[in-house]
Amino acid sequence: MAGLAPRQPPVSRVPAAGPPRVAKVGCVDRDNKARRGSSFGAAAAEYAEYRPDYPLDAVRWCVAPVGRDIGALRVLDLGAGTGKLTAQLASLGADVTAVEPDPAMLAELRRALPSVRGLPGSAEEIPLADRSVDTVLCGQSLHWFNLDRALPEIARVLVPGGTLGGLWNSDDDRVGWVAGLQDAAEGAASPSLSRRRVEAASFELSQSDAIEKATDELFGPTERAEFPNTQRLTADALTAVIGTHSQILVMEPEPRARVLAQVRVYLASRPETAAGEFELPMVTSAIRAVRRG
């Protein structure tokens, strides 16, 4: 499993004052965001097979303020998808509950992880009791939530002193061929590191007063960190990864096929990716905030 690589130091750690802030997924309207957010079930098997894992250092960093080893924690994987993060947490001995709204994604999670409790539910209506978990982790999911409703719900199920953590994998477009891949995919690949950073900054400026008021009372200051990550792939596998992203999934068949064909042609043209396996350089961005007592 890619997430079980040797531990690496974070690229950077940036403390930030205020309640939890997350990156937007581009400037999409509400209907389009809802359509994209509900599109993943159509590619559940491919998502489970091809999406990358998270560096264990990033996961450990998200829960570190609790002050206990992950193996001693009750963890909620919220918006768990097919269980990419759930599997890592279970392998570390955590008492994991996975909550996922999409039936196809949840079915894939249950198939792969039959010993893990997987429940239907959403961030806005979490099917757990008050103060029932030590940490809530959101792998590639926090930006899809309705935060006005989700943050109070997350605070409800957390014990005082528990942590909320968010994790996002981004392609490292500081590398030349990765930047070119973004162009070939017409922006429909995994969000690049530079795009992720810009969107995170713009989101802070547009944070709603309602969220800020609610979370000032629920969570302490937000911290951020970035961790190096890589995924070993072939050109076909990387094309399949891109095919699991929401912008591709909501396309009509003809433009989807055209974009994926462009990706294949581009990867075949680059010496870094044309033959056999290669490593896709990524950065995992993480945030954490502690539930106030």
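These exercises, each with a worked solution, go through one predicted model.

Residues are numbered from 1 along each chain as its sequence is written, and side-chain values use heavy atoms, with hydrogens and water left out. In this predicted model, local features need pLDDT of at least 70, side-chain atom pairs count only at pLDDT 80 or more, and totals for chains, interfaces and linings use all residues.

**Exercise 1. Find how confident the model is, and where confidence drops below 50**.

Step 1. Start with the chain average. pLDDT is the predictor's confidence in each residue, from 0 to 100. The mean pLDDT of the protein chain is 83. A value of 70 or more is reached by 78% of its residues.

Step 2. Look for weak stretches. One covers residues 1-9, with pLDDT below 50. Beyond near neighbours in sequence, residues 1-9 have 18 contacts in the model (contact: heavy atoms within 4.5 Å). Residues 14-28 also have pLDDT below 50. This stretch has 53 contacts beyond near neighbours in sequence.

**Exercise 2. Describe the chain as a whole: its elements, its burial and its contacts**.

Step 1. Count the elements. The protein chain has 12 helices and 8 strands. Helices (H or I, at least four residues) and strands (E, at least two) are DSSP runs, numbered from the N terminus.

Step 2. Take the burial. Of the 293 residues, 54% count as buried. Buried means under 20% relative accessible area, exposed over 50%, partly exposed in between (1.4 Å probe, protein chains only).

Step 3. Take the contacts with a separation of 6 or more. Residues 24 or more positions apart account for 78% of them.

**Exercise 3. State how many disulfides there are, then place C62 and C138**.

Step 1. Apply the cut-off. A disulfide is a pair of cysteine sulfur atoms within 2.5 Å. The structure holds 0 disulfides.

Step 2. Check the distance. For C62, the nearest cysteine sulfur is that of C138, 9.1 Å away. For C138, the nearest is that of C62.

Step 3. Check the burial. C62 has a relative accessible area of 0%, so C62 is buried. C138 is also at 0%, and therefore counts as buried.

**Exercise 4. Which residues of helix 7 are buried, and what do they pack against?**

Step 1. List the residues. Helix 7 spans residues 176-184. Its buried residues are W177, V178, G180, L181, Q182 and A184.

Step 2. Find the partners. The buried residues pack against strand 6 (158-171) and strand 8 (278-290). They also pack against helix 10 (235-242) and helix 12 (253-269).

Step 3. Look past the end. E186 follows helix 7 and has a positive phi, near 55°.

**Exercise 5. Work out how helix 10 and helix 12 are arranged**.

Step 1. Take the axes, which are lines fitted to C-alpha atoms, for helices over the stretch in contact. Angles run from 0 to 180 degrees between N-to-C directions. The two axes come within 10 Å and cross at roughly 150°.

Step 2. Classify the angle. Angles under 35 degrees count as roughly parallel, over 145 as roughly antiparallel, 65 to 115 as roughly perpendicular and the rest as oblique. Helix 10 and helix 12 are therefore roughly antiparallel.

Step 3. Name the contact residues. Helix 10 supplies A235, L238, T239 and I242. Helix 12 supplies L260, V263, R264 and L267.

**Exercise 6. Is L56 buried or exposed, and what about D69?**

Step 1. Locate both. L56 lies in helix 3 (residues 56-63). D69 lies in the loop between helix 3 and strand 2 (74-78).

Step 2. Read the accessibility. L56 is buried, at 9%. D69 is at 56%, so D69 counts as exposed.
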